[in-house]
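Visitor: I have the model open on my bench screen. Could you walk me through some of its strands, its sulfur link and a pocket?

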Amino acid sequence: MGDFMTIVSRMTALTAVLLASAAFPAAAEPVFNRIASFAVADNLPEGDARKAPTSAEIITASEDGNTLVYSDSPGKRIGLIDITDAKAPKAAGVVAFDGEPTSVTVAGAKALVAVNTRESFVKPSGFLAVVDLASKKVDATCDLGGQPDSVAVNKDRTLAAIAIENERDEEVNDGKIPQMPAGDLVILSLKDGVADCGSLKRVTLTGLAEIAGEDPEPEFVAFNGKDEIALTLQENNHIVIIDGKTATVKTHFSAGAVDLKNIDAKRNGAIAFKDEQPARKREPDAVKWLDDNRIVVANEGDYEGGSRGFTIFDTTGKVLYEAGATFEHAVAAIGHYPEKRSSAKGVEPEGLEAAKFGDDNLFFLLAERASIVGVYKDTGAEPELLQLLPSGISPEGAVAIPARNLLATANEVDLGEDGGARSHVMIYERGEGEAAYPQIRSVGKDGLPIGFGALSGLATVADKPGFLRAVSDSVFSSQPTIFTIDATQKPALITEALAITRDGAPAQKLDIEGIANDGDGGFWLVSEGNSDKLYSHAILHANKKGEIKKEIALPEALRAGETRFGFEGITVVGEGDDQTLWMAVQREWKDDEKGFAKLVSYNLKSEEWGAVRYPLEKAGDGWVGLSEISVNGDYAYIIERDNLIGQAAKLKKIYRVALSELKPAALGGELPVVKKEEVRDLMPDLKALSGYVVDKVEGFTVDAAGNGYVITDNDGVDDSSGETLFFSIGAINAM
């Protein structure tokens, strides 16, 4: 117990250091930055075939490091990517199978692919395919006698180990085990990358685990330098160490449990690290060797547990380090915490990779639900968190290529059918310089991060150059917040979080999409309504304490034509007693001519409403709408964007309208059309981090020094990569 408490004490100290720092890596240290993204669909033929669901799950690399190979289970294929020029990856084709590839690795010039061909959960089957990488032909197959999951080879490429999971049916008995048949481990001899099917040895794993010992479900497998195999039994909460040469169990031990503290265990539209989960089972997923005597496991969990972090064990099962909630806290500090997963397994660490880069022994922790890769330095004691890298949606596997200073991740989720991001492989390079991501993060308060996400509007802080306000939208419905941003730091820092309250409690049924200063220390806010959810579009006035003191409902002349795509920004024109609020309506309402959205005005003194018409660009395959309005000098600056993502995205721009054009007419009559002028195409800015183009450019303002700032909405990491882009576009008056 004394050793464990020492670990917890050190863990808490590490968290405090991370939350207090403005950047993860020291400036002189080499860092990873993303240099390219490859959409898996680009490996498919043009036309309708490219629209089919894809996935990149487990990923490996050829021995020369010039080709990536990934498993694509939905497509029943593996895909190849030519990364001879890592900054410009090219499609290199696919190899199809009669079954679902679950894992892939490389031995010499061959790829070893584990393929699931089960007839049903109770009749599992599968084979190991040997694929020649040059010809993309299947040279041989070995029947595995069960449903395979992970596959790995030893250092000298003479042995292959395949975890035969024989996974359970989650529809039976609520997914509880035991569910027969039991899984086991298969070991095969290799020669020049080709498996000798006749050498197959089976390692029986029954009777080892305390939890459903009669039904082991092996998950992940890895070799060390002594040909020992570490194998996780995720559902059984167990780890087994096997002699690969003799195919015998050397040691085995329970993965144990963790007393989690300072976590968010409630899905309630708020991030609050106030909960505890005593005796939370680790249920390890991926495993990697840090050396011949230590392993690190990702504790994703499955149906009962999941401790949200990672653990380092020695081969006897002694806990050498327990991450607890520290990884989640670091993730939350950069806006990637998936609040909708709070009641489940949080960020869900799932994948792992480990490799030596230069003099540094590194391991990489992949968080499925946070879409983040944690880069850790193995110190032999407490690992050091160096960076958090942005990945695509749900990183499943990673491969390090130290000889080329490269790392690649495979991201399994494909949302193409719903107009979202496709599955991607992302490539990172290590070198001297500064980390490009995150571009914004939060400071710590009392040792815990300020949680944030879904930032939807910006406003300046008067007389403080480089300081801004931001608001979060309905993703955090129980925690509407005004954030203070210090953009003089790099990355920018969220330093304060001011709750938006009504009658002393967090205001409810709000979807805050815009913020403006009232000139007296308080704020004007707009909330986008949705009549289907029984709340209305509204203008809110909050004082400097965040207390809502006034609510202005829409007049009947506006409500008659409303849709759920309402006010997306608010700004103030004029001073003193002569102030008019201007709001941008996101899309056409029922009474609008197609291709025109309203800019709506409300005079605070006369309480008169009016509007003008704003001409939208052509929509293409999606729709085009407005996301922000912000006045600076003699112009109102407006974000106009399509709702498309990745390669489909075409329009993400800032326009401006002269204030002299904003001459509102009465509602219900003919509205004048304003003239607009393009200020900046944001597409190059959105591509600057070498990811795919995000759809929701939501906030823009000009600070007290005249510099423009842009922010994107990450949807609270719900069907999103979680990336929040925050950047300056320079002096606005010079444009």
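Visitor: In what order do the strands of the open sheet of four run?
Guide: Keep in mind that this is a predicted model. The pairing in this sheet is antiparallel. From one strand to the next, the twist averages 25°. The order is β10-β11-β12-β13.

Visitor: Which strands stand at the edges of that sheet, and why is one side of each left without a neighbour?
Guide: An edge strand here has a single partner strand, so one of its sides has no neighbour in the sheet. That applies to two strands, spanning 148–153 and 194–203. They are β10 and β13.

Visitor: Which residue in β12 stands opposite Ala163?
Guide: Start with the strands. β11 covers residues 159–164 and β12 covers residues 184–191. They pair in the antiparallel sense over six bridges. Opposite Ala163 stands Leu185.

Visitor: Which cysteines does the disulfide join?
Guide: The structure holds one disulfide. Its S to S distance is 1.9 Å, within the 2.5 Å cut-off. The angle about the S-S bond is -85°, and the link is left-handed. The two residues are Cys142 and Cys197.

Visitor: How many residues apart in sequence are the parts that this pair ties together?
Guide: Cys142 lies in strand β9, residues 137–143. Cys197 lies in strand β13, so the link ties together two separate parts of the sequence. They are 55 residues apart.

Visitor: Is Cys142 buried or exposed?
Guide: Buried means under 20% relative accessible area. Cys142 has 1% relative accessibility, so it falls under that limit. Cys142 counts as buried.

Visitor: And how does Cys197 count?
Guide: The class between 20% and 50% is partly exposed. Cys197 has 36% relative accessibility, so it falls in that range. Cys197 counts as partly exposed.

Visitor: Which residue in the turn between β42 and β43 has a positive phi?
Guide: β42 (residues 538–542) and β43 (residues 548–553) pair in the antiparallel sense over five bridges. One bridge sets Leu540 against Glu551 in β43. The two strands form a hairpin with five residues between them. The residue with a phi of about 85° is Gly546.

Visitor: Which residues are the closest to the centre of the second largest pocket?
Guide: This pocket holds about 1300 Å³ of space. Its lining has 43 residues. By class they are twelve nonpolar, twelve polar and 19 charged. The closest to the centre are Asp473, Arg564, Lys696, Asp713 and Asp715.

Key:
Residues are numbered from 1 along each chain as its sequence is written. This is a predicted model: local features need pLDDT of at least 70, side-chain atom pairs count only at pLDDT 80 or more; totals for chains, interfaces and linings use all residues. Side-chain values use heavy atoms; hydrogens and water are left out. Two strands pair if DSSP finds at least two bridges between them. Axes are lines fitted to C-alpha atoms, for helices over the stretch in contact, and angles run from 0 to 180 degrees between N-to-C directions. On a 1 Å grid over the protein atoms alone, a cavity is a set of points where a 1.4 Å probe fits but cannot get out, and a pocket is an open set with protein on both sides within 12 Å along at least five of seven lines; lining residues have an atom within 4 Å of a point. Grid points are joined across faces, edges and corners, and a volume is the space filled by probe spheres set on the points. Ala, Val, Leu, Ile, Met, Phe, Trp, Tyr, Cys and Pro count as nonpolar, Asp, Glu, Lys and Arg as charged, and the others, Gly among them, as polar. Buried means under 20% relative accessible area, exposed over 50%, partly exposed in between (1.4 Å probe, protein chains only).
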